[in-house]
Amino acid sequence: MRILPVLCALLLLMLQGVTGLSPGRASAEDCERRGGFCSHRSCPPGIGRVGLCSEQEYCCRMRWYP
C-alpha cells in the first residue's frame, strides 16, 4: 500500500512532461518567437510549416539551407 502514492506521483510527473513536448496548439506570439508568421490555410511556396497558430492557421518560417 505504500507504493500507491509513489505510483500516483510518478504518473502525474510523466503526464506533466508529455504536455510540454506536444506540438499542439500555439499562439501567434509563440510563432513569432520562433521566427515565423501565421498564414491562413497554407504557407507560401518556399516557406516551411513549423507549427500551428490556430485550427485554420499555420506557423510558417523561411527554410534556411547551409
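This report walks through a predicted model of a single chain, from its overall layout down to a few individual residues.

## The overall layout

Let's start with the parts list. The chain holds two helices and three strands, and reading from the N terminus the elements come in the order α-α-β-β-β. Helix 1 covers residues 3–21 and helix 2 covers 28–33. After those come strand 1 at residues 37–40, strand 2 at 47–52 and strand 3 at residues 57–62.

How much of the chain is buried? Of its 66 residues, 15% count as buried. The exposed surface comes to about 5700 Å², and carbon and sulfur atoms supply 63% of that area. As for contacts across the sequence, take those with a separation of 6 or more: 23% of them are between residues 24 or more positions apart.

## What the record says

UniProt, in an unreviewed entry, puts a "domain: Beta-defensin-like" feature at residues 30–61. In the model, that span is 47% strand and 12% helix. The C-alpha atoms at its two ends, residues 30 and 61, sit 12 Å apart.

## The sheet

The three strands make an open sheet in the order 1-3-2, and the pairing is antiparallel. Why do strand 1 and strand 2 each have a side without a neighbour in the sheet? Both stand at the edges with a single partner strand each, so one side of each stays unpaired. Ignoring direction, neighbouring strands here are turned by 50 degrees against each other on average.

Now for the pairings themselves. Strand 2 and strand 3 form a hairpin, with four residues between them, and five bridges hold this antiparallel pair together. One pairing to look up is glycine 48, whose bridge partner in strand 3 is arginine 61. On the other side, strand 1 is joined to strand 3 by four bridges, again running antiparallel. Here phenylalanine 37 stands opposite cysteine 60 of strand 3.

## Serine 39 and the turn after it

Serine 39 belongs to strand 1. Is this residue buried or exposed? Its relative accessibility is 12%, and since anything under 20% is called buried, serine 39 falls in that class. Its side chain reaches the backbone oxygen of serine 42 at 2.6 Å. Setting aside neighbours within four places in sequence, serine 39 is in contact with Pro44, Gln56, Glu57, Tyr58 and Cys60.

Just past strand 1, things look rather different on the accessibility side. Arginine 41 lies in the loop between strand 1 and strand 2. With a relative accessible area of 64%, arginine 41 is exposed. If you check backbone torsions, have a look here: arginine 41 has a positive phi of about 70 degrees, although it is not a glycine.

## The helix end of the chain

Serine 27 sits in the loop between helix 1 and helix 2. Which class does its relative accessible area of 25% put it in? Serine 27 is partly exposed, because that class takes in values between 20% and 50%. Its side chain makes a polar contact of 3.1 Å with the side chain of glutamate 29. There is a link across the sequence too: the C-alpha atoms of serine 27 and cysteine 53 are 4.8 Å apart, though the two residues are 26 residues apart along the chain.

Glutamate 32, in helix 2, counts as exposed at 57% relative accessibility. Its C-alpha atom is separated by 9.3 Å from that of arginine 61, which is 29 residues away along the chain. That is the arginine 61 already met as the bridge partner of glycine 48.

Note on methods:
Residues are numbered from 1 along each chain as its sequence is written. This is a predicted model: local features need pLDDT of at least 70, side-chain atom pairs count only at pLDDT 80 or more; totals for chains, interfaces and linings use all residues. Side-chain values use heavy atoms; hydrogens and water are left out. UniProt positions are given in the numbering used here, feature names are shortened, and annotations may be inferred rather than shown by experiment. Buried means under 20% relative accessible area, exposed over 50%, partly exposed in between (1.4 Å probe, protein chains only). A polar contact is a pair of N or O atoms within 3.5 Å; within protein, one must be able to donate a hydrogen and the other to accept it, and residues adjacent in sequence count only if both atoms are side-chain atoms. Contact means heavy atoms within 4.5 Å. Two strands pair if DSSP finds at least two bridges between them. Axes are lines fitted to C-alpha atoms, for helices over the stretch in contact, and angles run from 0 to 180 degrees between N-to-C directions. Accessible areas come from the Shrake-Rupley method with a 1.4 Å probe; for residues, only the protein chains shown count as cover.
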